[in-house]
Amino acid sequence: MTQVWKAEGWSSIPLKDTWNAIMERSLSAPRVGELTLPQLMTLSLQGDKSPVGIYIFTNDEDIYYVGKTHGRSLAERLICHLDSRSVAPDEVRIVQEGDTWESIARDRGATQAKIKKFNKGVELKPGARIRLTANWTMSSLVGKMVEKKEAATRTEAVAKVMDMRTIWMQVTPPEAAPMRHQEHVEVIEKRLLWTESAHPKLNSERGNSGARFGVEGIPHDRHPDLQLGCQAYLTRTGKV
């Protein structure tokens with residue numbers, strides 16, 4: 001069993017068929033609790049230079065959650081979803097030698113822009129004090145399940161996620177515009193979140209019930225026959 005679903009396997013699926021295709025593919029995907037360390041590191045072991053894309057959690061009856069990662073690897077992001085801790089407390093951090101805004105943001109699960117805005121005027125040098133805030137923690141499926149009353153406690157939620165199956169949709173840099181890889185990952189996620197597409201159970205429906213969405217200032221239309229991996233927007237502006 002493998003959780004990696006290569007682009008050639010899913011890119012031509014029409015949006016109207018994504019729910020059935022994902023559920024069928026999940027039958028050959030491992031349960032989260034069955035993943036071995038070599039399986040988690042599959043993409044790294046294969047020498048993949050960009051182990052990012054879309055991750056999906058399913059149980060035997062439904063698609064539970066769909067998310068994207070274009071910074072952390074798919075393996076790193078999966079582990080974050082199993083964190084049973086509540087949100088991290090506010091804190092003051094002392095800058096260490098070698099710290100960068102990027103590394104601090106990555107550690108905290110924030111964006112560089114948010115941290116810089118919160119520490120406006122602070123020079124990032126060893127010994128400097130920077131402020132971090134609790135609401136910068138990365139979202140987790142465990143937390144979402146408790147919030148949505150799918151589990152009474154985070155411990156129970158972890159056990160339920162361990163019994164789910166996970167699929168990693170590998171999204172490679174588009175040939176037509178390799179520098180727009182991050183944008184392409186987000187477009188594919190938005191297509192899957194549509195209520196007429198994969199419509200995962202625990203993702204918010206806000207912004208996903210309509211046919212129109214926008215990414216990087218470019219408007220997109222979702223329609224039933226649109227192929228999931230369509231890249232037409234990369235070569236022209238305007239709607240797909």
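**View 1. An open sheet of four strands.** In this predicted model, four strands build an open sheet in the order 1-6-2-3, and their pairing is mixed. The edge positions belong to strand 1 (4-5) and strand 3 (63-69); each has a single partner strand, so one side of each is left without a neighbour in the sheet.

**View 2. Strand 1 beside strand 6.** Let us zoom in on one edge of the sheet. Strand 1 runs parallel to its partner, strand 6 (residues 165-170), and the pair is joined over two bridges. Which residue of strand 6 is the bridge partner of valine 4? Look for tryptophan 168, which takes that role.

**View 3. Lysine 149 in a loop between two helices.** Here we move to the loop that links helix 8 (141-147) with helix 9 (154-162), where lysine 149 is found. Have a look at the backbone: phi of lysine 149 is near 65°, a positive value in a residue other than glycine. Is lysine 149 buried or exposed? Its relative accessibility is 73%, over the 50% cut-off, so lysine 149 counts as exposed.

**View 4. Histidine 199 between a helix and a strand.** Our last stop is the loop between helix 10 (181-193) and strand 7 (212-215), which holds histidine 199. Phi is positive in this residue other than glycine as well, with a value near 45° for histidine 199. Why does histidine 199 count as partly exposed? Its relative accessibility is 30%, and partly exposed covers the range between buried, under 20%, and exposed, over 50%.

Notes: Residues numbered from 1 in each chain as written. Predicted model: local features only at pLDDT ≥ 70, side-chain atom pairs only at ≥ 80, totals over all residues. Heavy atoms only, no water. Buried < 20%, exposed > 50% of the residue type's maximum accessible area, 1.4 Å probe, protein only. Pairing = 2+ DSSP bridges.
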